[in-house]
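Subject: A structure to look through

Dear colleague,

Here is the structure I promised to pass on to you. Please open it beside this message, so that you can find each residue as it comes up.

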Amino acid sequence: MTHPFTKLTTTASSKPPPPLITFTFLLILCIIGFYTLHHPYPSPATPPLRNPQTALHFQKTFLSLSSNYTVSSYLRDLTHHPHLAGTEPSLDTVRYVQSHFEQLKFNTHTVEYKALLSYPVHASVSAHFSNGTTVELSLTEKGISQNAILDVVQPYHAYSPSGSAYGKVVFVNYGREEDYRALEAAGVNVSGCVVMARKGSVLSRSGVIFLAEAKGAIGVLLYAEWDRLRGGGVERGTVMRGVGDPLSPGWAGVEGGESLDLEDSEVSKRFPKIPSLPLSFENAQIILGSLWGGFVPQFLNDLGRVNGGRVGPGPTMVNLTFQGKKKVATIYNVFAVIRGLEEPNRYVLLGNHRDAWTYGAIDPNSGTAALLDIARRYALLMRLGWSPRRTIIFCSWDAEEFGMIGSTEWVEENLVNLGAKAVAYLNVDCAVQGPGFFAGATPQLDDILIEVTKMVKDPESESGTLYDQWSAPNRIFNIQRLGGVDSDFASFVQHAGVPSVDMYYGKDFPVYHTALDTYTWIVGHADPLFHRHVAVAGVWGLLALHLADDSILPFNFLSYSDQLQENKDILSNLLDQRISLDPLTAAIKDLTSAAKDAQNEAKRLREQEHLGGVEILKIHDLNDRLMLAERGFLDTDGLQGRQWFKHLIYGPHDEYESKLSCFPGIADAISQSTSMSKKDGEALIQHEVWRVARAIQRAASALRGELT
């Protein structure tokens with residue numbers, strides 16, 4: 001028997017076919033080939049017809065596929081037990097998210113990093129009163145089960161140094177510079193004392209500790225002012241400065257890669273030198289009520305009801321002891337990819353972190369559940385014939401709670417590709433914390449963010465949209481900016497210059513970072529019917545659809561120039577007239593002109609009824625310029641003293657004194673100038689003004705796409 005792939009040879013007895021038959025056969029093949037070329041049959045690989053009606057159909061279908069029950073079930077599964085990064089239980093959530101993406105038939109993979117994490121071994125706090133009595137303050141949270149006490153990590157500050165502090169207590173309010181000035185005016189010196197602070201919205205946790213250390217304190221007790229609402233919860237958190245793995249600052253902590261020693265100065269400078277612990281509101285009141293000493297009128301609103309506004313020192317003494325361990329652990333980022341058909345090398349990223357201090361129902365797994373539901377709905381759209389124009393990447397980050405480590409390591413490892421190919425990053429941390437919609441964005445995304453809310457139902461009303469609710473007070477949308485270092489957008493905006501959005505429901509919540517952040521709490525308080533979860537997923541998913549499918553990217557840089565002008569006006573009121581803002585004015589004017597040209601070009605291309613090859617190339621060129629313009633705000637030297645942060649418009653500033661929410665380099669220079677000669681201070685500020693002006697000019701140049 002001849003093998004089917006064996007070549008047949010012609011023997012002497014074989015006769016060739018008649019010429020007429022051969023000619024007829026070739027003619028038929030030519031006709032079939034010509035018809036196939038000009039009338040191809042549709043196939044799964046054929047790109048879908050893209051027009052506004054088709055896009056709107058898929059957007060409406062996406063919204064119709066929402067399911068509050070599905071989101072609820074995802075969240076319940078994710079929060080059965082605590083899942084602190086680097087621990088064995090956290091692997092269950094890795095497997096859960098990975099399995100979900102794989103079941104949807106998405107291209108799924110996991111990326112591992114080695115990172116230095118921090119865990120508690122022992123902690124204690126005892127108060128020694130002037131009458132000779134001593135009270136051991138329990139650090140165990142109230143209102144949780146015995147199993148929970150055994151399962152969750154005890155309240156602590158990650159990266160706090162091990163050690164003991166014994167001294168008189170001084171209350172320092174929020175622990176800001178202005179609070180220490182008020183104490184000094186009252187004759188109160190914190191040197192050699194254990195300070196107690198309440199956590200506010202101005203200073204970060206690490207900011208409170210480092211400033212207390214600079215003032216001479218020997219230890220810090222920190223309580224959250226909303227503790228009184230949560231019945232015994234205690235807020236955990238990190239006190240490390242900066243973001244990312246401290247052993248690999250600026251590069252990814254990959255297996256076999258470079259890793260600094262723990263004693264290296266680049267590593268040690270990120271950790272405080274004095275021990276600190278979180279305390280419950282109830283325990284804080286026991287100590288505060290026993291203080292005598294100085295009287296600070298500015299603190300009276302908080303302390304007056306306790307002890308007449310006395311802040312110490314003492315006479316109460318506190319003995320604070322903390323023993324911790326820092327260890328290198330493996331962390332896991334999980335990714336799922338939907339490859340774009342027309343522009344596979346352009347990426348739209350949706351991200352949420354997965355790790356939690358305890359059960360993490362709100363922080364962060366309300367966002368994880370919403371992300372998984374968007375993935376489910378996209379998979380259903382694909383069955384209906386949808387495929388994205390550009391590639392969509394779902395990102396599930398690890399070790400965010402320790403300092404945005406998972407996302408930072410990945411951005412550092414993929415910095416060049418992200419710089420060349422990332423369209424936008426859409427972040428959700430806590431999807432639902434309570435009532436009210438909040439969003440932050442780089443300004444070119446303001447318009448599309450607002451537009452999308454017009455399609456999403458308001459979960460608080462029967463018939464209105466999220467747009468109606470969000471703009472109800474005065475028709476002004478309060479879109480925040482992304483200069484903070486408080487979620488995974490930080491590395492995308494402030495290090496890689498990727499346009500980004502962050503969104504959530506509810507300003508804050510009283511069980512933040514406590515063992516009470518459970519599925520039960522969400523059902524009882526934050527979102528009983530999960531309608532707010534559905535709303536956030538709706539905005540998040542629609543944004544990604546626009547960014548992945550719109551032929552012309554929906555970026556409006558006129559919003560950016562308007563925002564820069566507002567910020568410049570604020571800055572002018574803070575500076576001496578000897579410092580010229582003319583460079584900033586000229587650069588903003590240049591960006592405005594480039595933004596108008598880009599808007600007009602986009603309008604002309606959208607109005608084209610038939611797009612030929614030339615027009616398609618023009619659209620690709622415009623999209624590249626819109627995408628890359630944000631990178632212009634980056635500066636290779638970064639912020640002074642914090643070179644990792646490259647963005648000169650949005651980034652962390654000197655949090656102790658700044659009145660600016662933008663221009664972090666200028667804000668730092670203003671703060672530093674107070675301890676310099678007038679001439680040197682003005683020169684420093686002027687230099688930072690020029691740096692920002694050059695960054696804006698770079699963005700304008702990128703938007704035009706032309707060389708000088």
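What follows is an account of what was found in it, from the whole chain down to single pairs of side chains.

Please keep in mind throughout that this is a predicted model. The chain contains 23 helices and 15 strands, and of its 708 residues 56% are buried. Its accessible surface comes to about 30700 Å², and carbon and sulfur atoms account for 55% of that area. If you look at contacts with a separation of 6 or more, you will find that 80% of them are made by residues 24 or more positions apart.

The nonpolar interior

In soluble globular proteins, nonpolar side chains tend to be buried together. Which residues have the most contacts inside the largest nonpolar core? That core has 129 residues, and the ones with the most contacts inside it are Y378, F394, M503 and I696. Helix α18, which covers residues 531–549, gives the largest share of this core, with 11 residues. M503 is a useful place to start looking: leaving aside residues up to four places away in sequence, M503 touches N427, V428, C430, F437, F438, A439, V536, V539, W540 and L543. Apart from this core there is another one, made of 87 residues, which include V170, V208, Y223 and A422.

Aromatic rings

Searching the whole structure gives 29 aromatic pairs. In one of them, the ring centres of F62 and Y378 are 5.6 Å apart and the planes stand at 50°, so this pair is described as tilted; an angle under 30 degrees would have made it stacked, and one over 60 would have made it edge-to-face. F62 belongs to helix α2 (residues 52–64) and Y378 to helix α11 (residues 365–383), so the pair ties together parts of the chain that are 316 residues apart in sequence. Are these two rings buried or exposed? F62 has a relative accessible area of 0% and is therefore buried, and Y378, also with a value of 0%, is buried as well.

F62 and Y378 are also members of a cluster linked by ring pairs, in which F101, F106, W386 and F394 take part too. In addition, R377 lies over the face of F62, at 4.3 Å from the ring centre. Elsewhere, the charged end of R241 sits over the ring of F210, 3.8 Å from the centre of that ring.

A second aromatic pair is worth a separate look. Y425 and F492 are stacked, with 3.9 Å from centre to centre and 5° between the planes. This pair links parts of the chain that are 67 residues apart, since Y425 is in strand β12 (residues 422–427) and F492 is in helix α16 (residues 489–494). Y425 is buried, with a relative accessible area of 0%, and F492 counts as buried at 0% relative accessibility.

Salt bridges

The structure holds 29 salt bridges, and three of them can be described here.

In the salt bridge between E177 and K215, the closest N and O atoms are 3.2 Å apart. The two residues are 38 residues apart in the chain, with E177 in helix α6 (residues 177–185) and K215 in the loop between α7 (205–214) and β6 (219–224). E177 has a relative accessible area of 17%, so it falls in the buried class, whereas K215, with 31%, is partly exposed.

E235 and R205 also meet through their side chains in a salt bridge, at 2.9 Å from N to O. E235 is in the loop between β6 and β7 (237–238), while R205 is in helix α7, 30 residues apart from it. Both partners are buried: E235 has a relative accessible area of 5%, and R205 is at 8%.

The side chains of R578 and E682 form a salt bridge of 3.0 Å, again N to O. Here the link spans 104 residues, from R578 in the loop between α19 (557–572) and α20 (582–606) to E682 in helix α23 (residues 678–704). R578 has a relative accessibility of 51%, so it counts as exposed. These two residues also belong to a network, in which salt bridges with shared partners join D576, R578, K678 and E682.

With best wishes

Terms used. Residues numbered from 1 in each chain as written. Predicted model: local features only at pLDDT ≥ 70, side-chain atom pairs only at ≥ 80, totals over all residues. Heavy atoms only, no water. Phe/Tyr/Trp six-rings, centres within 6.5 Å; stacked < 30°, edge-to-face > 60°. Helix = DSSP H or I, 4+ residues; strand = E, 2+ residues; numbered from the N terminus. Buried < 20%, exposed > 50% of the residue type's maximum accessible area, 1.4 Å probe, protein only. Lys NZ or Arg CZ within 6 Å of the ring centre and 35° of its normal. Core = buried A, V, L, I, M, F, W, Y, C linked by side-chain atoms within 4.5 Å. Contact = heavy atoms within 4.5 Å. Areas by Shrake-Rupley, 256 points an atom, 1.4 Å probe, with all protein chains shown as cover. Salt bridge = Lys/Arg side-chain N within 4 Å of Asp/Glu carboxyl O.
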